[in-house]
Amino acid sequence: MNRRELLVKSGLFLTALTLTPSRASALGGVVLETGTTVPDFDLPGSSQSEPDRKQWSSRDLRGRWLAIYFYPRDFTGGCTIEARGFESLHNDFLQAGAEVIGISADSVDDHESFCESEGLSFPLLSDPDGTVSKAYGSWMAPYSLRHTFLIDPDGVLRERWVAVRPNGHAREVLDSLVIFQSKAGV
C-alpha cells in the first residue's frame, strides 16, 4: 500500500471514529435516550400489596418517580437476585416517592407465584408479546432484557442501565434517584 492509499484509508477511519450515532443501540433494539418522555403502557400484572388490582397504567403513576426494571424470566437465578434486591430496598424507594415495577414476558400467573414465593410487594407486569419491552429497547424474543429505567414524575427518562448485573443493582438505582432528587431540591 502506498502512502496516499494509507492516508486516504486512515482519513476515512478517523472520520468514522468521530461519528456518533444519534440514538443508543443495544442488544434488544434502540434504547430510550435520557431526557425523553417515555412511552405510556397499560399492562396486566400481579402485586401482593394490591391483590385485587389486575392492570397497571403508566398514566396512573405520573406524579411519582418510577423505577422500571425489565428482566428475562421469573424463578431464574439472576432475576431472583434482582427482585430480592429491589424488595429489600422497596420501603426506601417508597419513602423517596418512587414506585418500583418489574416487567417480563412471563404470565400474570407466573408473576403471582413469583411474588408469593419471594415475598415481593411491588408489582410485576406481564408483557408477553414484548410491546412495552420493544418500546424501551429491551426485547429479544421471547424475553425482556435486563435493562432498568429511572423516570421522573413528569414521565421523563432520567437514567438508564443496559445489560444490568443483578447484584447490587437496586442500590445503584436508589442512589441515582436520591442524587436526582437532591439536584432538583426534592
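The lining of the largest cavity, where this tour begins, is made up by class of nine nonpolar residues (Ala, Val, Leu, Ile, Met, Phe, Trp, Tyr, Cys and Pro), two polar and three charged (Asp, Glu, Lys and Arg), with the others, Gly among them, counting as polar. This is a predicted model, in which local features need pLDDT of at least 70 and side-chain atom pairs count only at pLDDT 80 or more, while totals for chains, interfaces and linings use all residues. Residues are numbered from 1 along each chain as its sequence is written, and side-chain values use heavy atoms, without hydrogens and water.

A cavity here is a set of points, on a 1 Å grid over the protein atoms alone, where a 1.4 Å probe fits but cannot get out, and its lining residues have an atom within 4 Å of a point. The largest cavity has a volume of about 70 Å³, the volume being the space filled by probe spheres set on the points. Select Ser 58, Arg 62, Leu 66, Ile 151 and Gly 155, which of the 14 lining residues are the closest to its centre.

Next, select helix α5, residues 108-118 (helices are DSSP runs of H or I with at least four residues, strands runs of E with at least two). His 111, Phe 114, Cys 115 and Glu 118 of α5 are buried (under 20% relative accessible area, with a 1.4 Å probe and protein chains only). Because these residues cover an arc of only 100° around the axis, taken from the directions to the C-beta atoms, they lie on the same side of α5. On the other side of α5, Asp 109 and Glu 116 are exposed (over 50%). Finally, select Gly 119, which follows α5 and has a positive phi, near 65°.

Conventions: 1 Å grid on protein atoms, 1.4 Å probe; cavity = no way out; pocket = protein on both sides within 12 Å on 5 of 7 lines; lining within 4 Å.
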